[in-house]
Amino acid sequence: MNILLVEDQATTRSIVASRLRNWGHSVVDVENGKTALDHVLRHKKNLDILITDWDMPLMDGVTLARRVRELTDSSNYIYIILFTVKDDDTDLVRGFREGRVDDYIIKPFSAVQLRLHVEVAGRLIGMAHRLRQHGNNMESLVRKQTEAVRQTQEEIIVRLFNALESRDQETAQHVRRIGIMSVCMARRLGWDEEQLDMLRAAAPLHDIGKIGIRDALLRKPGKLTDEEFRQIKEHTVIGARILSGSDNPAIQMAERIAGSHHECWDGSGYPKGLQGTAIPLEAHLVSVVDVYDAKLSDRVYRKGQPEEEVLDFIKAQSGSKFSPALVKIFMAGLEEMKELCWAEMVK
């Protein structure tokens, strides 16, 4: 073990250091607490035991022990043995409580006593190292299992996305852009990386409920009847139902988005007529970029609109269809969103 010995009496320091080295330990010996503390600061990660005398010039052993405890934590715990001639109970309590030492040896002591105390320290240190290694192994195992679960969850999301993509290539490109733009807006709202990762996976699933709507209805070139529009609106309910019941936060977010991305700020949307902040933020965020991208894009039932007209529509709907705050964030980040979408398209 690596031992730091602190003793102001040169003869005692030499004898103890020699004994410890003969027993196979690596020993650094110094004459006062200040020098010892400097050594601890430089080598605390490689130090196992501190053996220090109590009464020393510059800094006594109890003060040294307390300072060492302040400088170290459980990841580099140093076992401290205190040498002293003080054998009163009050002194013992002070040494253990104030110095937070681990062991106490009354002077004078024999070589056998010293060796036994150091061996006990060695056994405790060994157990602590094994426990720490076990903890590290468990942490590594948990990380691997968490990553495996995350990959499984991502695969489920990708397969759901592919089910929609295989049906309509036009829709597939649209939902990819929705994911990119939604994350860009959320980042401007100050979301952390974990939230952004969930949104990146969840936003493209906003229209997953269209799987349950007939192709003839989705791709009808003419104007929809009231009954046909009622059926189209059901894709929000179908999507939420498909994604419901999951314990996964990303799927739960996708469920909220699928079910509420056609709700309006003033309560005029569907399927529930939610109003204002009752609309899940992630769903309302997706609704802004969804309208922007959908109106720009050509569909079988209409041509895409010029961007200027689309932006005028979004501005006009601030406070009715959309949250005014989200419209401002959308406008501020539009150029960045367009650049990110273009970069994704040319990959």
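In this predicted model, Phe109 is partly exposed, with a relative accessible area of 22%. Its residue sits in the loop between strand E5 (103-106) and helix H5 (111-165). A cut-off helps in reading that value: a residue counts as buried under 20% relative accessible area and as exposed over 50%, so Phe109, at 22%, belongs to the class in between. Phe83 offers a useful counterpart, being buried with a relative accessible area of 0%.

These two residues meet as ring partners. The model holds three aromatic pairs, and one of them joins Phe83 to Phe109, with 4.7 Å from centre to centre and 35° between the planes. The geometry of this pair is tilted, because planes under 30 degrees apart would count as stacked and those over 60 as edge-to-face. The contact also links distant parts of the chain: Phe83 belongs to strand E4 (residues 79-84), and 26 residues separate the two partners.

A further aromatic pair is made by Phe229 and Tyr270. Here the ring centres lie 6.2 Å apart and the planes stand at 85°, so the arrangement is edge-to-face. Phe229 is part of helix H9 (residues 226-243), while Tyr270 is found in the loop between helix H10 (249-260) and helix H11 (281-296); the pair therefore ties together parts that are 41 residues apart in sequence. As for accessibility, Phe229 counts as partly exposed at 39%, whereas Tyr270 counts as buried at 15%.

Tyr270 has a charged partner as well. The charged end of Lys233 sits over the ring of Tyr270, at 5.3 Å from its centre. A similar kind of placement involves another lysine: Lys295 lies over the face of Phe313, with 4.4 Å to the ring centre.

The loop between H10 and H11 also carries Asp266. With a relative accessibility of 36%, Asp266 counts as partly exposed. The side chain of Asp266 makes a polar contact of 2.7 Å with the side chain of Ser268. Once neighbours within four places in sequence are set aside, the residues in contact with Asp266 are Gln275, Gly319 and Ser320. Of these contacts, Ser320 is worth a look in the viewer: Asp266 and Ser320 are 54 residues apart in sequence, yet 4.9 Å apart in space from C-alpha to C-alpha.

Terms used: Residues numbered from 1 in each chain as written. Predicted model: local features only at pLDDT ≥ 70, side-chain atom pairs only at ≥ 80, totals over all residues. Heavy atoms only, no water. Phe/Tyr/Trp six-rings, centres within 6.5 Å; stacked < 30°, edge-to-face > 60°. Helix = DSSP H or I, 4+ residues; strand = E, 2+ residues; numbered from the N terminus. Buried < 20%, exposed > 50% of the residue type's maximum accessible area, 1.4 Å probe, protein only. Lys NZ or Arg CZ within 6 Å of the ring centre and 35° of its normal. Contact = heavy atoms within 4.5 Å. Polar contact = N/O pair within 3.5 Å; in protein donor to acceptor, adjacent residues only side chain to side chain.
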